[in-house]
Amino acid sequence: MAKCAICDKGVTVGIKLSHSHIRTKRTWKPNLQRVKAVVDGSPKRIMVCTRCLRSGKVQRAI
């Protein structure tokens, strides 16, 4: 679910490191927005990351 429809950016996994050096697993999720965009000539609601929106890779539907 947490994946960009344009660039396939998804969840990244890593570790959180506390001051006492206790390592626990954590995730980073992309900043996804639900937008109405033109896909194959017809308007459709897709999940797109803000980087793709800002760079103009998505043609917004009105």
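Is Leu 17 buried, exposed or partly exposed, and what is its relative accessible area? In this predicted model, Leu 17 turns out to be partly exposed, with a relative accessible area of 45%. The residue sits in strand β1. Leaving out residues up to four places away in sequence, Leu 17 touches Ile 22 and Arg 23. Trp 28 is eleven residues along the chain from Leu 17, and the C-alpha atoms of the two are separated by 14 Å.

Stepping back to the chain as a whole, there are four strands and one helix. Read along the sequence, they come in the pattern β-β-β-β-α. The radius of gyration is 16 Å, whereas the globule rule gives 11 Å for 62 residues, so the chain is more spread out than a compact globule. Along the principal axes, the C-alpha trace spans about 55 × 20 × 15 Å. Burial can be put in numbers too: 21% of the 62 residues count as buried. The accessible surface comes to about 5100 Å², and carbon and sulfur atoms hold 50% of that. As for contacts with a separation of 6 or more, 27% of them link residues that are 24 or more positions apart.

Back to β1 and its partner. Strand β1 covers residues 12-17, and six bridges join it to β2, residues 23-28, with the two strands running antiparallel. Within this pairing, Val 13 stands opposite Thr 27 of β2. The two strands form a hairpin with five residues between them. His 21 is found in that loop between β1 and β2, and it has a positive phi of about 65° although it is not a glycine. His 21 is also exposed, as its relative accessible area is 53%. Most residues other than glycine have a negative phi, which makes a second case worth a look. Asp 8 is not a glycine either, yet it has a positive phi of about 60°. Asp 8 lies in the segment before β1 and, with a relative accessible area of 52%, is exposed.

Gly 10 belongs to the segment before β1 as well. What sets the label for Gly 10 is its relative accessibility of 19%: buried means under 20%, so Gly 10 counts as buried. Not counting residues up to four places away in sequence, Gly 10 touches Ala 2, Lys 3, Trp 28 and Pro 30. One of these, Trp 28, is in β2. Gly 10 and Asn 31 are 21 residues apart along the chain, and their C-alpha atoms are separated by 9.6 Å.

Next comes the nonpolar interior. The largest nonpolar core has nine residues, namely Cys 4, Leu 32, Val 35, Ala 37, Ile 46, Val 48, Cys 49, Cys 52 and Val 58. Two elements give two or more residues to this core: β3, which covers 32-39, and β4, which covers 42-49. Val 35 is one of the core residues, and its contacts show who surrounds it. Leaving aside neighbours within four places in sequence, Val 35 is in contact with Lys 44, Arg 45, Ile 46, Val 48, Leu 53 and Arg 60. Among these partners, Ile 46 and Val 48 are core members too.

The cysteines round off the picture. A disulfide is a covalent bond between the sulfur atoms of two cysteines, and the structure holds zero of them. Cys 7 is in no disulfide, and the nearest cysteine sulfur, that of Cys 4, is 3.6 Å away. With a relative accessibility of 34%, Cys 7 counts as partly exposed. For Cys 49, the closest cysteine sulfur is in Cys 52, at 3.5 Å. A disulfide needs the two sulfur atoms within 2.5 Å, so this pair is too far apart for a bond. Cys 49 is buried, at a relative accessible area of 1%, and both Cys 49 and Cys 52 are listed in the largest nonpolar core.

How values were computed
Residues numbered from 1 in each chain as written. Predicted model: local features only at pLDDT ≥ 70, side-chain atom pairs only at ≥ 80, totals over all residues. Heavy atoms only, no water. Core = buried A, V, L, I, M, F, W, Y, C linked by side-chain atoms within 4.5 Å. Buried < 20%, exposed > 50% of the residue type's maximum accessible area, 1.4 Å probe, protein only. Contact = heavy atoms within 4.5 Å. Rg over C-alpha atoms; globule rule 2.2 N^0.38 Å. Areas by Shrake-Rupley, 256 points an atom, 1.4 Å probe, with all protein chains shown as cover. Pairing = 2+ DSSP bridges.
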